[in-house]
Amino acid sequence: MRARVVRVAMIAVSVALVLFAVPLAILVWSSLVTEEQGELERVALAVAVRVGPQFLTGDPVELPATEADNTIGVYDLDGHLKSGHGPAIADDVVRQAYAGAAADGQPGADLVVAVPVSAAEHVDGVVRAAAPMSVVWTRAVFAWLLLAALAGAALVVAVLVARRQARLLTGPLEDLSSASERIAGGDLSARAEPGDIPEITRVALAHNLMVDRLTQLLDRQSHFSADASHQLRTPLSGLLLKLEAARTAPPADLPRILDDAARGVRDLSRTVEDLLTLSRHHPERWFTAAPGTVAEVLTGAEQRWHGPLAREGRRLVLDIEPQVRAWTLPASLLTQIVDVLADNAARHGRGTVTLTARDTSGVLAVDVTDEGTIRLDPADVFVRGASGGGGHGIGLALARTIAEAGGGRLTVTRRAPTTFTLYLPRLDEAA
């Protein structure tokens, strides 16, 4: 691109120089011819003043000295050279001067000016002054060479300026291209540097913004894959256990086991739909996902987690204050958060797990308590990848992200016994 910019600049400057130099060269030529004619006319007038009518009788005429190549001649009315130098017979320019006015022309290789010699308003003769055209050509060629040198210098300066401007113009674009190639190669940290040209700077900033959004999208997709596997692992394990039990169960128990398995499939389907719903929207829109009542969400959580905890000899207690049972909240968000906290209590806690829903000044507070103890620092509990019990460190980080996207807050209320508290505003209050 730099070569193209320089080439375009050279073409533009060359065209401008041609459009400027050609008329100027013509003007220089015309000016030199006019100047030489003016000089010859002054010399001829000076001679005409000194020539009297007596030259017609043969008196000698004193002619002034001239330049080496110039000639002066005096002609009578018959067109004969009487004194000085010139053609023996008057040429056309001299004949024009017989009319009583100065004349000029270029007969042959000379530039000629003829001035009439007058007395009492009567033309007695003509003074002819001539200079070879080669003198004018020499001066013109010298002037043209000087003009060409100036044009060449201007072209060189234009090329230098064009190369510098090309560097300024293409430098940011080359940086942008390099950053794009690095991004295409997998380096998502590459960013284009803003330049000194506002238009290119806007392109670079737009490019960086696009890469930031793509990086966020890829991160969301990566996190979604991990979050989905985390959220589906427990329902799938429970479903597998139910199906395995169905293979060896007595015929009398088979309908109940299949009903439980069907309920597990429905729960698994709901979890998948919730996760897909959340994945399709930006986190700021999660708050509007699938509204439902507190009683519906927590009752469903009790049904899902009662069996897994009971198989480990643990109890699940549900306590919902009457005034919050009918509150409307984003059911998908609340379901996913409660499932994460219940799964965390089942995996890392011990003893009875208690789900409590209460009113705290118009905001729903859901406590998930077990009889265990948190070994991690509360500040690290919600850091993705941090785990104090051999887990993946995904669930609690996901739960806090969902809570904050829903306008709520998830905190560790007590380390022993372990208590997580979710604060979530009502949909009608948020509106």
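## Overall composition

Of the protein's 431 residues, 39% count as buried. The model is a predicted one. Its secondary structure comprises nine helices and twelve strands.

The exposed area of the protein is about 23,500 Å², and carbon and sulfur atoms supply 58% of that area. Among contacts between residues at least 6 apart in sequence, 61% join residues at least 24 apart.

## Helix α6

Helix α6 covers residues 294–311, 18 residues in total. From first C-alpha to last, α6 reaches 26 Å, which is close to the 26 Å expected at 1.5 Å a residue. Within α6 there is nevertheless a kink of about 35° at Trp 305, and the proline Pro 308 follows shortly after that position.

Trp 305, the site of the kink, is also one of the buried residues of α6. The others in this buried set are Val 294, Ala 295, Val 297, Leu 298, Gly 300, Ala 301, Arg 304 and Leu 309. The set therefore includes the arginine Arg 304, since buried means under 20% relative accessible area and does not refer to residue type.

Just past the end of α6, Gly 313 adopts a positive phi of about 75°.

## Surface patch and helix α1

A nonpolar patch on the surface is formed by Ile 11, Val 15 and Leu 19. Together these residues have about 300 Å² of accessible area. One member of the patch, Ile 11, is located in helix α1, which spans residues 2–50.

Methods
Residues numbered from 1 in each chain as written. Predicted model: local features only at pLDDT ≥ 70, side-chain atom pairs only at ≥ 80, totals over all residues. Heavy atoms only, no water. Helix = DSSP H or I, 4+ residues; strand = E, 2+ residues; numbered from the N terminus. Expected span 1.5 Å × (residues − 1). Bend = angle between axes of the 7 residues up to and from the residue. Buried < 20%, exposed > 50% of the residue type's maximum accessible area, 1.4 Å probe, protein only. Patch = residues over 30% accessible without salt bridge, like charges linked within 9 Å, V, L, I, M, F, W, Y side chains within 5 Å. Areas by Shrake-Rupley, 256 points an atom, 1.4 Å probe, with all protein chains shown as cover. Salt bridge = Lys/Arg side-chain N within 4 Å of Asp/Glu carboxyl O. Contact = heavy atoms within 4.5 Å.
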